[in-house]
Amino acid sequence: PVVLGIESSCDETGAGLVSDGRLLGHAVASSMDEHARFGGVVPEIAARAHLDSFMPVIREALGRAGLGMADIGAVAVTTGPGLSGALQVGLAGAKTLAFSLGVPLYGVHHLAGHVAADTLEHGPLPDPCMVLIVSGGHTSLLLVRDLARDPIVHLGDTVDDAAGECFDKVARVFGLPYPGGPAIDRSAREGDPRAVAFPRPLTGARDARYDFSFSGLKTSAARWAEQHRLRGEELPLADGAASLQEAVADVLTRKAVAACREHGVGTLVVVGGVAANSRVRALAEERCRAAGIALRVPPLKLCTDNGAMIAAVGDLLVRAGAEPAPLDVSIDPSAPLEYAALHPVALA
Ligand code: ATP
Ligand code: MG
Ligand code: FE
């Protein structure tokens with residue numbers, strides 16, 4: 001069947017259509033511009049925008065796929081984690097659609113969606129694979145087996161800020177526009193990554209090997225900017241951005257490659273919004289090649305939030321024979337990533 005995936009956990013409203021592992025069409029609307037002047041996502045504005053964009057993005061995705069409503073054979077929706085008002089809008093809409101079309105509904109973990117995004121470009125994930133999730137709210141190293149069936153093993157997580165959060169917050173201090181990650185990436189192009197020796201948190205011999213910490217790095221970058229201001233100097237923005245990006249990319253890729261080696265895993269998959277970062281991509285490439293590890297990174301458009309990735313999980317669940325969600329399934333704004341489906345599934 002054709003699976004419609006719906007994403008509304010943060011500020012992107014996404015709809016995607018996937019069948020048998022193939023992306024047929026997708027569309028994304030973002031309320032990012034409406035949040036820019038507040039420097040971060042305002043939950044009420046996001047929820048309101050999802051309401052306005054819900055049907056238009058679905059129609060746009062169907063149009064791109066050359067399909068109609070009647071072709072939808074299952075609906076998958078993000079039920080968590082995310083902003084509760086935003087998730088509620090997506091789930092209410094998804095339930096209504098599934099009920100009126102008479103098709104099964106699946107509740108999907110947003111982060112499993114980020115992982116599955118890669119399958120739409122590069123085919124099924126090898127079992128096992130190492131996954132580095134780097135997004136606005138999460139930074140984790142995961143050992144993934146069969147995404148539709150098996151529990152996901154967390155080797156490490158951030159103990160404070162996520163990598164994307166670090167980019168977003170430092171960008172604000174640097175006076176760069178929201179969202180900060182892409183702005184830092186652009187500014188870094190003109191800078192010297194060795195200009196500032198920012199710390200590499202939790203990389204010492206006695207540190208938890210696969211945990212991450214970015215709040216100290218954020219503070220160092222803020223202090224560096226402050227020192228320039230106190231001296232009345234202009235901020236060497238490009239150098240600061242390049243050095244920060246280098247520190248983040250160094251820590252992420254070093255730990256991910258070490259985890260692959262230690263666990264004897266031959267494939268690293270880097271997903272989430274920060275996987276769009278040019279230096280993270282380049283350094284991952286370089287280090288994986290040197291270590292003989294196959295690297296997979298989704299295309300830029302599928303790295304940040306979208307509906308196609310949620311449809312991809314729904315499609316895997318359908319093909320695994322998973323039991324659909326009951327129509328009274330609810331959102332879980334802080335759902336831990338244990339399984340791809342956010343409701344108990346009986347597998348055929
Ligand atoms: P989560 O998936 O953890 O719930 P989210 O959905 O908000 O959080 P994503 O959409 O996956 O996160 O990613 C958004 C994050 O990615 C933001 O922090 C943004 O700054 C960052 N990001 C996007 N592009 C880049 C880039 N080129 N370089 C660095 N960071 C980037
Ligand atoms: Mg977003
Ligand atoms: Fe996300």
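A residue is called buried here if 20 or more other C-beta atoms lie within 10 Å of its own, exposed if 12 or fewer do, and partly exposed in between, with the C-beta atoms placed from the backbone. The model is a predicted one, in which local features need pLDDT of at least 70 and side-chain atom pairs count only at pLDDT 80 or more, while totals for chains, interfaces and linings use all residues. Residues are numbered from 1 along each chain as its sequence is written, and chains are lettered from A and ligands numbered from 1 in the order in which they are written.

**The whole chain**

Begin with the full protein, which has 12 helices and 10 strands; these are DSSP runs numbered from the N terminus, helices being H or I of at least four residues and strands E of at least two. Of its 348 residues, 54% count as buried, and the C-alpha atoms fill a box of roughly 65 × 45 × 30 Å along the principal axes. The radius of gyration is 20 Å, which agrees with the value near 20 Å for a compact globule of 348 residues; it is taken over C-alpha atoms, and the globule rule is 2.2 Å times the number of residues to the power 0.38.

**Strand S5 and its neighbour**

Select residues 105-109 next: 5 of the 5 residues of strand S5 are buried, so the strand is largely enclosed by the rest of the structure. Leu-105, Gly-107 and His-109 lie on one side and Tyr-106 and Val-108 on the other, and both faces are covered. Adding residues 72-80 brings in strand S4, which runs parallel to S5 and is joined to it by 5 bridges (two strands pair if DSSP finds at least two bridges between them). Ala-76 stands opposite Tyr-106 in S5. Between the two strands the chain passes through helix H3, residues 84-101, in a right-handed β-α-β crossover, meaning that, with the strands pointing away from the viewer, the path from the first strand over the helix to the second runs clockwise.

**Helix H4 and ligand 1**

Now select helix H4, residues 110-117, where 8 of the 8 residues are buried, so that this helix too is largely enclosed by the rest of the structure. H4 is one of the helices that supply at least two residues each to the shell around ligand 1, along with H6 (163-173) and H7 (180-188); H7 gives the most, with 4 residues. Of the 24 residues around the ligand, Gly-136, Gly-137, Gly-164, Gly-181 and Gly-273 come nearest, where a residue is near a molecule or strand if its C-beta atom, placed from the backbone, lies within 6 Å of it.

**Asp-161**

Asp-161 is found in the loop between strand S8 (153-157) and H6, and is buried, with 21 other C-beta atoms within 10 Å. Show Phe-214 as well, since Asp-161 and Phe-214 are 53 residues apart in sequence but 5.3 Å apart in space, C-alpha to C-alpha.

**Strand S9 and its partners**

Move to residues 267-271, strand S9, where 4 of the 5 residues are buried, so it is largely enclosed by the rest of the structure. Strand S6, residues 129-134, runs parallel to S9 and is joined to it by 4 bridges, with Val-131 and Val-269 as bridge partners. Strand S10, residues 294-296, is also parallel to S9, through 3 bridges, and here Thr-267 stands opposite Ala-294. S9, helix H10 (residues 278-291) and S10 make a right-handed β-α-β unit.
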